[in-house]
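Hi everyone, thanks for making time. I'll show you a model and then talk through a couple of parts of it.

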Number of protein chains: 2
Amino acid sequence: MEKFITILKSAGYKLTNQRKSVLCVILSAEKPVSLKDIQNSCLNIDFASIYRIVNLFLELNIVRKVNFGERYLRYEIETEHMHHHHVVCSKCGCIKKIDYCLVKDLEKLTNFKILEHSMEFIGLCPKCKNK
Amino acid sequence: MEKFITILKSAGYKLTNQRKSVLCVILSAEKPVSLKDIQNSCLNIDFASIYRIVNLFLELNIVRKVNFGERYLRYEIETEHMHHHHVVCSKCGCIKKIDYCLVKDLEKLTNFKILEHSMEFIGLCPKCKNK
DNA sequence: TTCTAAATGCAAGCAACTTGCATTTAAGAA
DNA sequence: TTCTTAAATGCAAGTTGCTTGCATTTAGAA
């Protein structure tokens, strides 16, 4: 918590109650949260403010996007990086396919510089799959 | 092409000009296409029809979704399966995190039944990263 | 060629953002 | 502590990318 407040202040941004609340919700959630999830936990904060606060956190690398293939994004505290199956160049748009995925060695394998990635699985947990 | 027309007809669906055009666009694209991409290649087909045709193709496993983290989805011809970093139960919503990704052994490792996945990387290709 | 269920086009609806602008407020200055 | 002001927020309207309802058109069986 203190660590993130330091990032915020040293980047020249104000520490508002809204920002503290949003940060707190993301920090204490046990799974990545959607903007709506945050709004449900911060009933007095306007959705547009939540939107702008989360985008500021993204910019400051306090949070990262998580895509579960829902029609909205989720966010979680930034820790380290992960990855995908297609490699897309954000500059020329060309794509390189990977036949087998060896996470950490991907950059070496493709010689791409990976800037972003999404890597989420959706399925049934051990309990649910046997019902 | 013939293979997909067979799938379509044997499932009891009509072979319309619109469906042929959309299939042709997806087949000949060198990278996954968005609904808008398809529309741009089939100017006389209504967007709603493209939407329904692609969803039919998804249902028949003729195409699969590809998520590059843009705010729209892309589609490509279905070939085989791949995967993620979070494992989400679509039933109870619980999530299991994977520290290291070993694609094929993921189900064994987590004991989840994987139903869906997204796994795409965005970065710079060898040419672009040195500019 | 005729007939009919299925497919398409059109237009309206919806969800999840995204933005413009007037008001409020954090936090440095006095 | 109070004052000042640029930054942050709330409100409301706008945008994008689907998604759906319904009248018209059409593939393909008879």
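I'll start with the DNA strands and then turn to one helix. Keep in mind that this is a predicted model.

So, DNA strand D. There are 26 residues around this strand, and the closest are Gln18(A), Ala48(A), Ser49(A), Ala48(B) and Tyr72(B). Two or more residues of that surface come from each of α2 (17-28) and α4 (47-59) of chain A, and from α4 (47-59) of chain B. What about the classes of residue near DNA strand D? We have eight charged, seven polar and 11 nonpolar.

Over to DNA strand C. Again 26 residues surround the strand, with Ala48(A), Tyr72(A), Gln18(B), Ala48(B) and Ser49(B) as the closest. Here the elements giving at least two residues each are α4 of chain A, plus α2 (17-28) and α4 of chain B. The split near DNA strand C is 11 nonpolar, seven polar and eight charged.

Now let's look at α2(B) by itself. With 12 residues at 1.5 Å a residue, α2(B) should span 16 Å, and its end C-alpha atoms are indeed 16 Å apart, so the two agree. Which residues of α2(B) are buried? Those are Arg19(B), Val22(B), Leu23(B) and Ile26(B). They sit on the same side of α2(B), because they cover an arc of only 100° around the axis. Covering them, among others, are α1 (2-10), α3 (35-41), α4, β1 (63-66) and β2 (74-77) of chain B. On the face turned away from that buried side, you'll find Asn17(B) and Ser28(B), both exposed.

How values were computed. Residues are numbered from 1 along each chain as its sequence is written. Chains are lettered from A and ligands numbered from 1 in the order in which they are written. This is a predicted model: local features need pLDDT of at least 70, side-chain atom pairs count only at pLDDT 80 or more; totals for chains, interfaces and linings use all residues. A residue is near a molecule or strand if its C-beta atom, placed from the backbone, lies within 6 Å of it. Helices (H or I, at least four residues) and strands (E, at least two) are DSSP runs, numbered from the N terminus. Ala, Val, Leu, Ile, Met, Phe, Trp, Tyr, Cys and Pro count as nonpolar, Asp, Glu, Lys and Arg as charged, and the others, Gly among them, as polar. The expected span of a helix is 1.5 Å times one less than its number of residues. A residue is buried if 20 or more other C-beta atoms lie within 10 Å of its own, exposed if 12 or fewer, and partly exposed in between; C-beta atoms are placed from the backbone. The arc is that of the directions from the helix axis to the C-beta atoms. Two residues are in contact if their C-beta atoms, placed from the backbone, lie within 7 Å.
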